[in-house]
Amino acid sequence: MASEIQPHPQARKPCLLNKIDAFQEVVSSAVIIPKEDGVISVSEDRTVRVWLKRDSGQYWPSVYQVLPSQCSCMSFNPETRRLSLGMDTGSICVRRPLHSEIDPSSCFCVPAAHQSRVTVVLFVLEMEWLLSTGQDKNFTWHCSESGQQLGTYHTAAWVTGLQFDVETRHAFVGDQSGQVTILKLEQDSCSLVTTFKGHTGNVTALCWDPIQRVLFSGSSDHSIIMWDIGGRKGTAIELQGHNDKVQGLCYASHTRQLISCSCDGGIVIWNMDVTRQETPEWLDSDSCQKCEQPFFWNFKQMWDSKKIGLRQHHCRKCGQAVCGKCSSKRSTIPLMGFEFEVRVCDSCHESITDEDRAPTATFHDSKHNVVYMHYEATTGNLLSSGTDKVIKIWDMNPVVS
Ligand SMILES: [Zn+2]
Ligand SMILES: [Zn+2]
């Protein structure tokens with residue numbers, strides 16, 4: 001009822017432009033090629049396909065290659081048209097799939113980059129580096145010209161998200177333990193800068209905005225955390241707007257929007273022009289900080305006052321420890337990242353105005369269970385791949401009303 005107020009009238013809605021549904025298997029990874037109006041897809045049937053948009057408006061297969069083994073991840077660089085493929089076997093293959101005749105000099109393979117499945121591969125043109133992580137818990141970087149290994153770092157758990165800042169040569173590595181590690185890379189060595197812990201589930205996606213110097217991490221715990229690295233104050237803001245595992249994240253810098261999607265098909269567009277606040281630390285108390293009734297472990301006060309112990313709850317706005325009676329109301333607190341209703345104490349509930357409750361994100365349904373997403377900034381198009389073996393292409397540009 002409070003969400004009727006819309007202070008941002010430029011609400012954008014993803015508009016479905018195209019579908020590619022000619023797959024036998026789930027497409028595990030895919031990218032939009034901006035100039036050719038094409039899509040590169042890699043699917044579980046070991047194929048790499050290039051789809052080009054015809055005059056009819058439909059995408060048709062133009063290149064079809066069968067790989068020696070299953071591809072687990074990829075990275076496409078539109079400038080060099082270089083496609084880096086991480087394989088199930090631990091090798092990395094580099095090729096230019098748009099060339100009708102494959103030039104052998106532009107196609108090479110790093111046979112044993114990892115001892116098992118490559119989980120993320122990232123090509124960095126500026127450094128001529130090929131960064132990768134694997135199920136062997138190694139983060140490695142290779143020269144993208146010679147294929148020679150330059151360095152390696154052993155991570156605490158399998159890595160599922162990887163981003164790189166070209167300017168400062170920092171790598172952001174998100175893993176299955178929910179931790180994000182920051183490494184400073186040199187040509188052939190690296191040093192640990194710091195680690196961030198904030199998620200209760202695996203890190204499933206990372207996204208780095210080099211302009212604002214903000215890192216976003218998505219997790220299987222349904223949350224996204226925005227780590228303000230440039231601000232140097234250690235601010236971390238939690239964004240709660242998904243009902244399922246966060247599966248993909250991307251930042252549209254020209255519109256200052258974060259786009260996130262979850263397993264259940266939810267797409268959330270976050271307005272990042274809004275200044276959000278950090279959530280408070282939860283306070284510890286042996287009795288309700290409002291009505292002073294003892295909590296159930298406080299036997300002494302329960303005995304002294306002949307009262308029944310109560311269960312402890314926390315107000316999401318002030319962090320106070322309160323009983324159920326003193327926190328019976330729920331509210332969204334969008335400026336703290338809570339786009340869903342959460343528990344608040346009665347006094348905080350009164351202090352939250354309808355204006356405070358205005359959503360700072362919009363919620364959409366892609367109508368398929370998303371396994372992968374890719375956002376192409378120059379066209380403003382988003383690609384989602386689902387368990388239904390369909391690729392959908394969405395126009396994310398503002399709807400002019
Ligand atoms: Zn109380
Ligand atoms: Zn409160």
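**View 1. The largest nonpolar core and its best-connected members.** Of the 85 residues in the largest nonpolar core, the ones touching the most other members are Ala30, Val39, Ile40, Ile92 and Phe216. Keep in mind throughout that this is a predicted model. In soluble globular proteins, nonpolar side chains tend to be buried together. Zoom in on Phe216 and ask: which residues is phenylalanine 216 in contact with, leaving aside its neighbours within four places in sequence? They are Cys207, Ile224, Met226, Leu249, Tyr251 and Leu258. Another core, of 10 residues, lies apart from the largest one, and its members include Cys288, Leu310, Ala321 and Cys348.

**View 2. Two domains and the contact between them.** The protein splits into domain 1, made of 15–274 plus 363–395, and domain 2, which runs over 299–357. Their C-alpha centres sit 39 Å apart. Where they touch, domain 1 brings 6 residues and domain 2 brings 5. On the domain 1 side of that contact you'll find 3 nonpolar residues, 2 polar and 1 charged.

**View 3. The stretches annotated as WD repeats.** An unreviewed UniProt entry puts the annotation "repeat: WD" on residues 196–229, 239–273 and 363–397. How much of 196–229 is helix, and how much is strand? That stretch is 0% helix and 62% strand, and its end C-alpha atoms are 11 Å apart. Residues 239–273 come out at 0% helix and 60% strand, with 14 Å between the end C-alpha atoms.

**View 4. The stretch annotated as FYVE-type.** UniProt, again in an unreviewed entry, lists residues 282–353 as "domain: FYVE-type". Here the chain is 18% helix and 22% strand, and the C-alpha atoms at its two ends are 23 Å apart.

**View 5. Glutamine 212 in its loop.** Look for glutamine 212 in the loop that links strand E18 (203–209) to strand E19 (214–219). Glutamine 212 counts as partly exposed because it has 16 C-beta neighbours inside 10 Å, and a residue needs 20 or more to be buried. How far apart in space are glutamine 212 and lysine 306? From C-alpha to C-alpha they are 56 Å apart, with their positions 94 residues apart in sequence.

**View 6. Valine 344 and its surroundings.** Valine 344 belongs to strand E28, residues 338–344. Is valine 344 buried or exposed? It's buried, because 27 other C-beta atoms lie within 10 Å. Setting aside neighbours within four places in sequence, valine 344 is in contact with Cys315, Arg316, Lys317, Ser327, Lys329, Arg330, Ser331 and His349. For a sense of scale, valine 344 and glutamate 126 are 48 Å apart in space, C-alpha to C-alpha, and 218 residues apart in sequence.

**View 7. Stepping back to the whole chain.** The protein has 2 helices and 32 strands. Its C-alpha atoms fill a box of roughly 85 × 50 × 35 Å along the principal axes. The radius of gyration is 24 Å, which agrees with the value near 21 Å for a compact globule of 401 residues. Of those 401 residues, 43% count as buried. Among contacts between residues at least 6 apart in sequence, 45% join residues at least 24 apart.

Key:
Residues numbered from 1 in each chain as written. Chains lettered and ligands numbered in written order. Predicted model: local features only at pLDDT ≥ 70, side-chain atom pairs only at ≥ 80, totals over all residues. Domains from an automatic or database assignment. Contact = placed C-beta atoms within 7 Å. Nonpolar A, V, L, I, M, F, W, Y, C, P; charged D, E, K, R; others polar. Core = buried A, V, L, I, M, F, W, Y, C linked by C-beta atoms within 7 Å. Buried ≥ 20, exposed ≤ 12 C-beta atoms within 10 Å, placed from the backbone. UniProt positions renumbered as here; feature names shortened; annotations may be inferred. Helix = DSSP H or I, 4+ residues; strand = E, 2+ residues; numbered from the N terminus. Rg over C-alpha atoms; globule rule 2.2 N^0.38 Å.
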